[in-house]
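Before reading any single residue closely, it helps to settle how far the coordinates can be trusted and then to move from the whole chain to its details. The paragraphs below follow that order.

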Amino acid sequence: MPMMKTSADSFIRGNPAFGRTVRDFVQRNGLSLLKKNNSFYCGCLKRYNIYMQFIDSHAHLNDPAFDADRTELITQKLPQAGIALSVEIGCSPEEWQPALELSSQHPSLIRAVLGVHPEYACKMNDAAWKQLAALLPDERNVAVGEIGLDYTCLEFTDKEKQQEAFARMLALANQTQKPLVLHIRREGDDYAAYEDSFRLLKHQWNGSSSTGYPGVLHCFCARYEEAKKALDLGLLLGINGCFTYKKNEYIREAVKKAGADKIILETDCPYLSPQGKRGQRNDPSNVPLIAQFTADYLNMPLEELAEMTTRQAKALYGLK
Ligand SMILES: [Zn+2]
C-alpha cells in the first residue's frame, strides 16, 4: 500500500461516508481521537484507526489471562486500536454472570453472549438449564452461544451428551429469538461434527432471530463445502487468526468464494493470535491486523472491509 501523507481533515472531507471533519467523524462513531498533529499516513494501520471502527465479535476477556490488565485493556488499549465493541462469550455456567457483569461495567464497549460450549455440556444440570433460560432474555446478552459440536473433546463430554445439549440450546434460541454463535470443530480430516451439527440445525432450529440475522459460524476453519452449508442457512462466517496461518490456504479460498459480505471479524482471545504474533496472548486490539490480512487476501481496501464487517457484526447482534 502506498504511503501518502495528507491532512486528516482534507482526506476525510474527500470521503463523504466519514463525515465533515475528523472531530465530527470521531464523535459520531464514539472513537477516541489519537492524532498528535493534524496529519496521518494512509497505509499505516495505527493511523487508519483514527476513522476506522472494528468489532471483536468473539472474545473471552474474562479469561484469567487478562486478570492483570483487564480494565486498562478495555478502556484504553481497545478504543485506541479502533475497537468499538467486544462481544464477551460466557460458555459455561460459571461464566454467565461474569460476562453480564463485564457488560454492566463497560456498557458501551462490551456485550455478552451466553450458552454452553460442547466441551462443558457435562456441567449442565436442571438448575443450570433453568438459570440459563432465565438469563438469555437479558438485554446485555445479544446471542446464544457458543454452542455446537466438538468431537476433539469427547473425554469431557461424549457425542450423545453434546448433541443433547446442542438440541436443547437450539430450543432456547427458538424461544428467545436470539441469533446463534456456533462452535463446530472438525477432527483432522473428519468432518462428522459438521455433518451432525447441520442435521441438528435443520431439524431442531427455526432458523430465525429478531435481528434478522440467524447467526455466525464462529472460528471458521473448514472447506467451502461446509461454508456453503452455513451460508445456505443464512449464517455468517467468523474470521480470526486461523485465517492468517500459512497452512490454512483452503480456509482462505473458502472465504474468498463466500465473499466479504458474509464474514465478520473476531479474535477468540486469549487464543489464536494472528500470524506474526503466534505464541503471544491474543486480545481484541489484533482485529485490525486480521482485517488487514483479510483485506489484502480478498484484494479490497482495508477501510471497505472494516466498514462491511463492522456493519454486519452490528446487524447480527442487533447493535446500534
Ligand atoms: Zn470462543
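What follows goes from the chain as a whole to its helix contacts and then to some backbone details.

The model shown here is predicted, and its confidence scores are therefore a sensible place to begin. The chain averages a pLDDT of 87, with 84% of the residues scoring at least 70. Residues 1-20 have a pLDDT below 50, and in the model this stretch makes 35 contacts beyond near neighbours in sequence. The pLDDT is also under 50 over residues 29-49, a stretch for which the model has 46 contacts beyond four places in sequence. Where pLDDT is low, the predicted coordinates should not be read in detail.

The chain has 320 residues, of which 44% count as buried, and its secondary structure comes to 12 helices and 10 strands. Among the contacts in the chain with a separation of 6 or more, 73% are accounted for by residues 24 or more positions apart.

Three pairs of helices can be looked at in turn, going along the sequence. Helix α7, which covers residues 159-176, packs with helix α8, residues 192-204, at an angle of about 35°, and the two axes are 10 Å apart. The crossing in which α7 passes α8 is right-handed. On the α7 side the residues that meet α8 are Q163, F166, A167, L170 and A171, and on the α8 side they are D196, L200 and Q204. Sorted by class, the residues of this contact of α7 with α8 comprise five nonpolar, two polar and one charged.

The second pair is α9, residues 224-232, and α10, residues 249-258, whose axes come within 9 Å and cross at roughly 35°. Here too the handedness can be stated, for α9 passes α10 in a right-handed crossing. Y224, A227 and L231 of α9 make the contact with E253, A254, K257 and A258 of α10. The contact of α9 with α10 has five nonpolar and two charged residues, and no polar ones.

The third pair, helix α11 (residues 287-298) and helix α12 (residues 302-317), packs at an angle of about 115°, with axes 9 Å apart. Because angles of 65 to 115 degrees count as roughly perpendicular, α11 is described as roughly perpendicular to α12. The crossing of α11 past α12 is right-handed. A291, Q292, T294, A295 and L298 of α11 make this contact together with L302, L305, A306 and T309 of α12. By class, the contact of α11 with α12 consists of six nonpolar and three polar residues, with no charged residue.

The backbone also deserves a careful look. Most residues other than glycine have a negative phi, and most peptide bonds are trans. Against that background, a cis peptide bond joins G145 and E146, with omega at about -5°, and E146 has its place in strand β6, which covers residues 141-150. The peptide bond from C269 to P270 is cis as well, with omega near 10°, and P270 lies in the loop between β10 (263-265) and α11.

The loop between β10 and α11 also holds D268, which is not a glycine yet has a positive phi of about 60°. Is D268 buried or exposed? It is buried, because 22 other C-beta atoms lie within 10 Å. Q177, likewise not a glycine, has a positive phi of about 60° and lies in the loop between α7 and β7 (180-185). With 13 other C-beta atoms within 10 Å, Q177 is partly exposed.

A last stop is H117, found in the loop between β5 (110-114) and α6 (126-135). H117 counts as buried, because 23 other C-beta atoms lie within 10 Å. Which residues is H117 in contact with, leaving aside its neighbours within four places in sequence? They are C91, S92, E146 and H183, and one of them, E146, has already appeared at the cis peptide bond with G145. H117 and P93 are 24 residues apart in sequence, while their C-alpha atoms are 9.9 Å apart in space.

Key
Residues numbered from 1 in each chain as written. Predicted model: local features only at pLDDT ≥ 70, side-chain atom pairs only at ≥ 80, totals over all residues. Axes fitted to C-alpha atoms, helices over the stretch in contact; angles between N-to-C directions. Helix = DSSP H or I, 4+ residues; strand = E, 2+ residues; numbered from the N terminus. Left-handed = near helix turned anticlockwise from the far one by under 90°. Contact = placed C-beta atoms within 7 Å. Nonpolar A, V, L, I, M, F, W, Y, C, P; charged D, E, K, R; others polar. pLDDT = per-residue confidence, 0-100. Buried ≥ 20, exposed ≤ 12 C-beta atoms within 10 Å, placed from the backbone. Parallel < 35°, antiparallel > 145°, perpendicular 65-115°, else oblique.
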